[in-house]
Amino acid sequence: MSSVAENVNDARVVLEVSGLVKRFPIKGGLVRHEIGQVHAVEDVSFVVHEGETFSIVGESGCGKSTTGKCVLRLIEPTSGSVKLDGKEFTTLTGEDLTRERRKMTLIFQDPYSSLNPRMTVGDIIAEPIDIAGIYATREERDARVEQIMEEVGLDLAFKNRYPHEFSGGQRQRIGIARAIVMQPELVICDEPVSALDVSVQAKVINLLKQLQREMGLAYVFISHDLSVVKHISDTVMVMYLGHEMELASKEELFGNPLHPYTKALLDVIPRIRSERVQDKRILEGDVPSPTNPPSGCCFHTRCPFATDRCKSEVPAKHEVTPGHFCSCHLYDN
Ligand code: SF4
């Protein structure tokens, strides 16, 4: 375990999410009235500490990216609380919102489309500080850009060049430089390496870890790739159909998974499966539609342990061992 992971639960809480819900209306009919809802995120709660990498993992459509966007208020949550440094973030407006939002930032999945092709690398990195009007002089602003370029391993000669001149890995470094130029406390990393080659992925992950050590950054790391999550995380939350299934330290989640869905996810990854020889489960069937989620436990249509109770009763979130939470009736009582 890394020194960050050893101390992570003692560190200051940067982000506290409680009972987060996001439902998107479905409009229909001649007058476009609401005819249903997409249940994207349902009652999700977690905390992230300074210097911690908190990963949210699950299949496509499980609500992990929507959770990240709700935290940043790129989309407004339907209900629930998001506290940043202990202060409620969901109710802020105007200048208060602008000021607090600077403490958080986002690294996008796609380094090919997330950078403005008409701006130079220097201007892309400087854009957040230009908008915020942080530096009084051009010299100070340029010095900050160069400092950040050095920190992320970008050659200063790239400053006046354009994004299309760079590889995927270099573009993601530009995206990371832009994300951290304002010295945020929390970075939402939404599938930041999934568009990159495996060899480049490792370099970008190592850069993220290095910056975390140097700046004390807290990461919410959103990924469908359990191998990457196993490498970078301190804590992992598994989501399915908008619901939190299991939440534990990385060591607990990979070494002693409890939820039938987590076990099935781990069993389809050869490298991880070889460490868990007994009790193999293959996940069958498709993820149900979030517009019409199953009653009771949302995983019951694919769970080999489902009982009649699972079809009618939503399982509570149990703390099975200290810090290891699981939402499943198998752990009731
Ligand atoms: Fe399976 Fe029931 Fe547990 Fe859901 S609550 S994961 S259906 S055993």
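For what follows, Ala, Val, Leu, Ile, Met, Phe, Trp, Tyr, Cys and Pro count as nonpolar, Asp, Glu, Lys and Arg as charged, and the others, Gly among them, as polar. With that in hand, and keeping in mind that this is a predicted model, let me begin at the ligand. By class, the shell around the ligand holds nine nonpolar and three polar residues, and no charged ones. The residues that make up this shell are H259, P260, C297, F299, H300, C303, F305, A306, C310, C328, H329 and L330.

One member of that shell, C328, leads us to H318, since C328 is among the residues that H318 touches beyond four places away in sequence, along with H324, F325, C326, Y331 and D332. H318 itself sits in strand β11, which covers residues 317-321. Is H318 buried or exposed? Its relative accessible area is 18%, and because the cut-off for buried is under 20%, H318 counts as buried. Its side chain also makes a polar contact of 2.5 Å with the side chain of D332.

Let me turn now to helix α5, residues 138-151, where a simple check on length is possible. At 1.5 Å a residue, its 14 residues should span 20 Å, and the end C-alpha atoms are indeed 20 Å apart, so the expectation and the model agree. Within α5, the buried residues are R141, D142, R144, V145, I148 and M149. Seen down the axis of α5, these buried residues fall within an arc of 155°, and therefore they line one face of the helix. The general background is that an α-helix has 3.6 residues a turn, so residues three or four places apart point the same way. On the other side of α5 we find E139 and E150 exposed, while the cover over the buried residues includes α4 (121-132) and α6 (168-180). Just after the helix, G153 adopts a positive phi of about 80°.

That brings me to the backbone elsewhere. Most residues other than glycine have a negative phi, and against that background two residues deserve a careful look. R73, in the loop between α2 (64-72) and β4 (79-84), has a positive phi near 60° without being a glycine, and R73 is buried, with a relative accessible area of 9%. L241, in the loop between β9 (235-240) and β10 (243-249), is likewise not a glycine and has a positive phi of about 50°; L241 is buried too, at a relative accessible area of 3%.

Key:
Residues are numbered from 1 along each chain as its sequence is written. This is a predicted model: local features need pLDDT of at least 70, side-chain atom pairs count only at pLDDT 80 or more; totals for chains, interfaces and linings use all residues. Side-chain values use heavy atoms; hydrogens and water are left out. Helices (H or I, at least four residues) and strands (E, at least two) are DSSP runs, numbered from the N terminus. Buried means under 20% relative accessible area, exposed over 50%, partly exposed in between (1.4 Å probe, protein chains only). A polar contact is a pair of N or O atoms within 3.5 Å; within protein, one must be able to donate a hydrogen and the other to accept it, and residues adjacent in sequence count only if both atoms are side-chain atoms. Contact means heavy atoms within 4.5 Å. A residue is near a molecule or strand if one of its heavy atoms lies within 4 Å of it. The expected span of a helix is 1.5 Å times one less than its number of residues. The arc is that of the directions from the helix axis to the C-beta atoms.
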